[in-house]
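Please follow the chain step by step in the model shown here, beginning with a pairing between strands and ending in the interior.

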Amino acid sequence: MTTDPTPEGKQLALGQLLHAASLTTAADLDKLLDTEPFHIGGPVTGPERHARNDDRIRALVRYAGGALSLHRNPGKMLTLYEWMAQVDPAACLGLAAHVAMCVGPICELGTPDDDLSELLAELDQVHRYGSIVITEIGAGNSHINPQTLARYDHSTRSFTLTTPRAEAAKFFISLLGLPQRAHAGCVAARLEVNGRDCGAFLFAMRLAEVFGPSKGVTIHQLPECVVLPQDYAVCHFDKATVPYSGWLAGGATINEDGVFHDPLSTDERLRTTMEGTRRMSSLGTVALAAAARATIVLAHTYWQGRVTNARVAPDGPVLGYSTQRRAFHAALVDTLAATVLSRRARDVVTGSQTEHPDHSRTVTWAPWSGVHRELALNKAWACDLANRVLTSLRPRLGAQAMLSVNLLPEYEGLTQALESATGDKLFILLDAATALITDHAPPSGSNGSGRDPRELAALRATLLLRDLRAADTAASNLDALNPLLPTMVEAAYAHVRWNTQLLFDRAVIEADKHCDDASAAALRAAKKLYELKETLTDLGWHLENGTVTKEQAAEIHADHADADEALTDHVPALIAAMATPVARLRAPIAHTDYSQRLAGWPLIP
């Protein structure tokens with residue numbers, strides 16, 4: 001899974017194996033915590049928070065050598081996202097919008113002239129903030145069928161953008177509620193040339209200058225969002241002009257006679273236009289795994305000094321209760337599963353492994369699975385894993401876990417935002433299922449036990465997709481397809497969950513090869529508990545479909561209890577493998593003098 005081999009004879013700690021590509025850069029980034037604007041606190045919402053987001057994005061991009069440098073170094077870019085997801089989740093999403101989905105498409109799809117080069121220079125050092133401007137508020141699936149129009153004017157070799165109705169207004173992250181903030185965006189619109197609909201393209205344009213919106217652009221600030229504090233807005237266009245170079249044509253052309261030509265089919269054009277979603281899917285997975293790791297570290301650190309006054313065990317440790325311990329163990333192995341998905345995302349985006357393209361042939365709901373099915377599916381499952389970690393642990397940390405200063409609400413807000421941002425989860429699953437019905441290859445061989453978790457996971461995915469294959473999933477009529485949609489979602493989940501077990505298994509093989517015995521044993525124990533926990537989730541389905549017997553189900557329950565108990569001794573090694581220093585998180589809940597810090601009493605030396 002990794003292309004960073006261990007020098008012969010050297011043994012790695014588990015954290016070094018899992019995070020080898022990011023440890024050094026993340027440690028350097030930690031030095032920023034004592035500099036402006038990272039050491040500055042303030043309100044968790046409102047204009048001051050939005051300004052702090054902007055200042056932190058600018059500081060981080062400039063520290064990294066500029067947005068263009070980050071675009072050319074995707075591994076470093078992912079490390080910055082990972083770090084920012086733990087330090088400031090809201091700013092992490094803004095960083096992604098600026099670098100991956102504004103600067104990225106301009107570099108990959110545009111043909112720079114003086115004007116576009118000037119725009120890139122402004123974005124490079126964040127003199128101008130950039131966003132992706134795709135989502136239209138009045139209708140779903142606007143990524144594949146935007147209503148915003150870009151009409152080509154051959155006399156001026158330019159485009160005019162028009163919003164035809166209120167429902168087509170665009171939703172995006174802005175900083176326009178702040179003074180002295182210029183803004184640019186990559187705007188998705190349908191290109192019209194000589195009255196012909198030529199498909200969806202992105203257009204790079206200056207949305208606003210420091211004195212206000214650009215000509216033909218109207219921007220409305222939206223009410224405050226407390227889930228993930230950002231400066232959100234909607235905009236619409238009334239013949240806003242975009243120069244020819246602002247058309248991010250990606251190989252399409254309009255010749256000197258005004259004739260449009262595109263060598264790509266409709267679906268190929270959509271995938272090309274949305275190619276940046278490959279990096280956004282990877283960003284989502286990396287950020288979600290990072291938030292889950294931070295949550296694990298916060299919870300474990302807090303519980304080390306937490307006792308209870310229950311009469312059955314006065315002054316007893318919280319983790320002495322099986323309910324707490326089992327929930328924590330489950331969250332810990334879910335976090336490690338998200339981490340192996342994060343490693344895979346990094347490997348694919350940095351090109352450190354040979355990959356086999358898995359483009360879907362058609363795009364029905366959204367472009368993300370069509371651009372890269374595995375990355376999109378992994379992001380969807382990482383979202384569920386991170387949500388499971390947070391929704392399980394936050395209530396067990398008490399009322400103080402709801403305080404923003406302890407970061408957990410913002411991590412939870414990030415997971416909620418990424419249900420839709422960087423790829424809508426439901427649409428990813430539906431499009432992936434459509435392709436998997438044809439492409440899924442069932443594994444061969446069996447150990448014959450009837451309760452091997454990976455075999456049961458593969459069998460469930462295979463049978464669900466077999467049933468869909470026998471049905472008319474190719475139907476374009478919603479009435480015919482509608483009854484099958486829940487099974488399609490279930491089948492896509494089954495596939496990505498099986499694939500996650502395979503990736504986890506590869507990580508264990510690497511640990512056996514490169515790590516010390518204790519580290520390898522810890523990861524092996526975590527993998528076993530994760531697989532059995534996943535099997536328990538599906539046990540009702542297996543019993544209903546006759547793929548396990550009642551006796552085998554009872555054995556799986558016993559195996560799970562044994563695996564949970566066995567993990568206890570490995571927890572310290574697995575916590576160390578989170579590679580998340582408590583000092584990075586700066587949450588009162590992560591310190592032994594938590595009560596004093598929160599209440600404002602003099603700190604104990």
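S158 stands opposite P243, a residue of strand β9, and β9 (residues 232–243) runs antiparallel to strand β3, to which five bridges join it. Helices (H or I, at least four residues) and strands (E, at least two) are DSSP runs, numbered from the N terminus, and two strands pair if DSSP finds at least two bridges between them. The model is a predicted one, in which local features need pLDDT of at least 70 and side-chain atom pairs count only at pLDDT 80 or more, whereas totals for chains, interfaces and linings use all residues. Residues are numbered from 1 along each chain as its sequence is written, and side-chain values use heavy atoms, with hydrogens and water left out.

Strand β3 also pairs with strand β2 (residues 149–153) in the antiparallel sense, over five bridges, and there T162 of β3 is the bridge partner of L149. The hairpin formed by β2 and β3 has four residues between the strands, and R157 in its turn has a positive phi of about 50 degrees. Of the five residues of β3 (residues 158–162), four are buried, where buried means under 20% relative accessible area (1.4 Å probe, protein chains only).

Turning to the interior, the largest nonpolar core, a set of buried Ala, Val, Leu, Ile, Met, Phe, Trp, Tyr and Cys residues joined through side-chain atoms within 4.5 Å, has 164 residues, and Y81 and I106 have the most contacts inside it. Helix α9 (residues 277–304) gives the most to this core, with 16 residues. A second, separate core has 28 residues, including L161 and C235.

Methods. Buried means under 20% relative accessible area, exposed over 50%, partly exposed in between (1.4 Å probe, protein chains only).
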